[in-house]
Structures are given as C-alpha cells and as structure tokens.
Amino acid sequence: MTIASRLSAARSVLGLGRAARSQPRVPLARVPESIAIIMDGNGRWARAHGLPTGAGHRAGARALKDVVRRAGDLGVRDLTVFSFSTENWRRPQDEVDDLMVLFSEMIDREVPELHAEGVRIRFIGRRTDLDAGLRARIDEAEGLTAGNSRLRLFIAMNYGGRQEILDAAAALAARGVAEPTEDEFRAALYDGDLRDPELVIRTSGEQRLSNFLLWQSAYSELYFSPAMWPDFGADDLEAAIADYASRERRFGGR
Ligand code: IPE
Ligand code: IPE
Ligand code: MG
C-alpha cells in the first residue's frame, strides 16, 4: 500500500476528506442536540427485494453508518437508535437468533471505527435478558468509547419505554424515594444523561412510537419518513432536520 493510499484510507476512517461536501441545508443553530430514530422497515425492504428478512436487517445495519456520520458532522450531540424492542422477542425464533448474532457482529465490526471517529457508545434497555456474549461486547464498547465526546450514540436494545419507567420506579422505591421529582425520576432512567430528543424520526411510513422513549419524547417533534430503513440515508436525515427547523415549538405556552 502506498503512503498516499494509506493516508486516504485513514482519512476516510476518520471521516475527514469530506470538507468539500456542500454547505448543510440546515442552519446549524436549528440542528437538534438530540435526535432519536425508530429504524423500521427492514422486513418489508427485504421482501420487496425478494430477500430473506435477515438480509433486510443486515442492510439496515449498514445504513446506520452514514446517518451516524452525518449526525456528527451536523453537530448533533445525542443520537438514539431503536434496534430491538422488548416486544420484538415475539418474532419467529429464527429471526430473533439471527438478530442477536447480527448485533454482536456489528459491534465487532463497527465499534473500532466509531471509536476512531470520536463516537461515545451507550446502550439503553434491559441488558439482563441478553446473552452473555452480547452483554460482554456491550460493556466493552461502552468502556472503550467512554472518553469520546464528538457524538453520543445510544443504542436501544431490548428497550421498552414502559419497562424503563417501571424499572426506574422500582429503583427509586428500593432506595426509599417515594415521591421523586422529575429530575430524580429522570436520573433513575436507563441513562439519566440522555437529552430529551427534540426530534423523533420513524421510517417505513408507520406513524406510532411502539414503546420508544415514552418519558423522553413528551415534547418531541415527530417526523415520519416513507423510506424503508435500509434506504434511509444521510440526506434523508438532513431533510428531517430541515423540516424540524421550520417548526414552532410551544411547550404549552403562547
Ligand atoms: C425494524 O424493521 C427492525 C426491528 C424491529 C428489529 P422490521 O423488521 O420491523 O421491518 P418491518 O416493519 O417488518 O418491515
Ligand atoms: C419498532 O418497530 C422497534 C424497532 C424499530 C426496533 P416494530 O416493527 O417492532 O414496531 P411495530 O410492531 O410495527 O409497532
Ligand atoms: Mg417493523
């Protein structure tokens, strides 16, 4: 490998060399600090392409990378992605098994690069139900990237909003906190540092929350994209942010 090609490879790993990209369409002051995405439509994408469901999940996993990059480029601080819900265990066992393997493969393959790009990775959800191999990878990814600050990527895995609220209530009760304040309750959630998403995006045309971030999304703006998740790209993220930037938020006031 020549030095020039090595440098170019390193630059692309670091996400450099894209300075020539056209100016963002969104005024940077209107870019949300926190965005959450319900990555839906892998199954329908696979069917439309005559492929098995697992191929849809793999294509979906690949789609995440560009979106994470662009979010970081635009100055988003927290990006939360819904990768497996507490209800997704109801799917056929083959699909669930395949997804668990895919999650481990993804962590092995993508975390070093995300780390090089300054992404801090955190997981939210009920970890105890995941298998030991996956849990070990989750711990490792969180430990490795703990010092990064460019973008925080929260991966919601075995996550349910109601379960999160119940788990927080149980944790507070165990500590004898009978009447928590909002701040105390938030601190007891899976990650009390996660900023409420200003914008929640759902792909695949479905218009519901499916038990995602119920506490945190109380005042989120919702954006529904018709694209199946594997087809959702960085420009679609930017279009969602541009739409968000044009909205007026009132929080119950005037
Ligand atoms: C989202 O895609 C991924 C997970 C829920 C794990 P789906 O698998 O739900 O895709 P559709 O909704 O069946 O098309
Ligand atoms: C929500 O999608 C969960 C994830 C994207 C991980 P689902 O496909 O499970 O949601 P429903 O069943 O259509 O509401
Ligand atoms: Mg779905």
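Buried here means under 20% relative accessible area, and exposed means over 50%. With that cut-off in hand, let us walk through this predicted model, starting with a helix.

In helix H5, the buried residues are Leu134, Ile138, Ala141 and Glu142. Looking down the axis of H5, you will find these buried residues within an arc of 95 degrees, so they line one face of the helix. Turn to the other side of H5 and you meet Ala132, Glu140 and Gly143, which are exposed. What covers the buried residues of H5? The cover includes H4, S3 and strand S4 (151-159). The length of the helix also works out: at 1.5 Å a residue, the 13 residues of H5 should span 18 Å, and the end C-alpha atoms are 18 Å apart, which agrees. At the start of H5, look for Asp131, where a side-chain oxygen comes to within 2.9 Å of the backbone nitrogen of Gly133.

Glu142 deserves a second look, as its side chain meets that of Arg127 in a salt bridge with an N to O distance of 2.7 Å. Arg127 sits in the loop between strand S3 (119-124) and helix H5 (132-144), while Glu142 is in helix H5, so the pair ties together parts that are 15 residues apart in sequence. How do the two partners stand with respect to solvent accessibility? Glu142 is buried, because its relative accessible area is 11%, whereas Arg127, at 25%, is partly exposed.

From here we can move to the nonpolar interior. Nonpolar side chains tend to be buried together in soluble globular proteins. In this model the largest nonpolar core has 47 residues, and Ile35, Ile37, Leu79, Met157, Ile201, Leu237 and Ile241 touch the most other members. Which element gives this core its largest share? That is helix H4 (residues 93-116), with nine residues. Take Leu79 as a guide to the surroundings: leaving aside residues up to four places away in sequence, Leu79 touches Ile35, Ile37, Val68, Ala71, Leu151, Arg152, Leu153 and Phe154. Apart from the largest core lies another core, of eleven residues, including Ala36, Ala156, Tyr159 and Leu194.

Charged pairs come next. Side chains of opposite charge can pair when their charged atoms come close. The structure holds 28 salt bridges. Some are joined up: Lys65, Arg69, Arg109, Glu110, Glu113 and Glu117 are linked in a network of salt bridges. Elsewhere, Arg247 pairs with Asp243, with the closest N and O atoms 2.8 Å apart. Both partners are partly exposed, Arg247 with a relative accessible area of 21% and Asp243 at 31%.

Another salt bridge joins the side chains of Asp40 and Arg44, at 3.4 Å from N to O. Asp40 has a relative accessible area of 17% and is therefore buried, while Arg44, at 27%, counts as partly exposed. Arg44 also leads us to the next stop, since its side chain makes a polar contact of 2.9 Å with the side chain of Ser204.

Where is Ser204? You will find Ser204 in the loop between strand S5 (199-202) and strand S6 (221-224). At 5% relative accessibility, Ser204 counts as buried. Not counting residues up to four places away in sequence, Ser204 touches Asp40, Gly41, Arg44, Ser225, Pro226, Ala227 and Met228, so both members of the Asp40 and Arg44 pair are among its contacts.

One of these contacts, Pro226, is in the loop between S6 and helix H8 (234-245). Pro226 and Ser204 are 22 residues apart in sequence, yet their C-alpha atoms are 4.8 Å apart in space. Buried or exposed? Pro226 counts as exposed, because its relative accessibility is 68%. Beyond residues up to four places away in sequence, Pro226 touches Ser204 and Gly205.

Finally, a word on the backbone. Most residues other than glycine have a negative phi. Ser204 has a positive phi, near 85 degrees. Asn211, in the loop between S5 and S6, also has a positive phi, near 70 degrees. Asn211 is buried, with a relative accessible area of 13%.

How values were computed: Residues are numbered from 1 along each chain as its sequence is written. Chains are lettered from A and ligands numbered from 1 in the order in which they are written. This is a predicted model: local features need pLDDT of at least 70, side-chain atom pairs count only at pLDDT 80 or more; totals for chains, interfaces and linings use all residues. Side-chain values use heavy atoms; hydrogens and water are left out. A nonpolar core is a set of buried Ala, Val, Leu, Ile, Met, Phe, Trp, Tyr and Cys residues joined through side-chain atoms within 4.5 Å. Buried means under 20% relative accessible area, exposed over 50%, partly exposed in between (1.4 Å probe, protein chains only). Helices (H or I, at least four residues) and strands (E, at least two) are DSSP runs, numbered from the N terminus. Contact means heavy atoms within 4.5 Å. A salt bridge is a side-chain nitrogen of Lys or Arg within 4 Å of a carboxyl oxygen of Asp or Glu. The expected span of a helix is 1.5 Å times one less than its number of residues. The arc is that of the directions from the helix axis to the C-beta atoms. A polar contact is a pair of N or O atoms within 3.5 Å; within protein, one must be able to donate a hydrogen and the other to accept it, and residues adjacent in sequence count only if both atoms are side-chain atoms.
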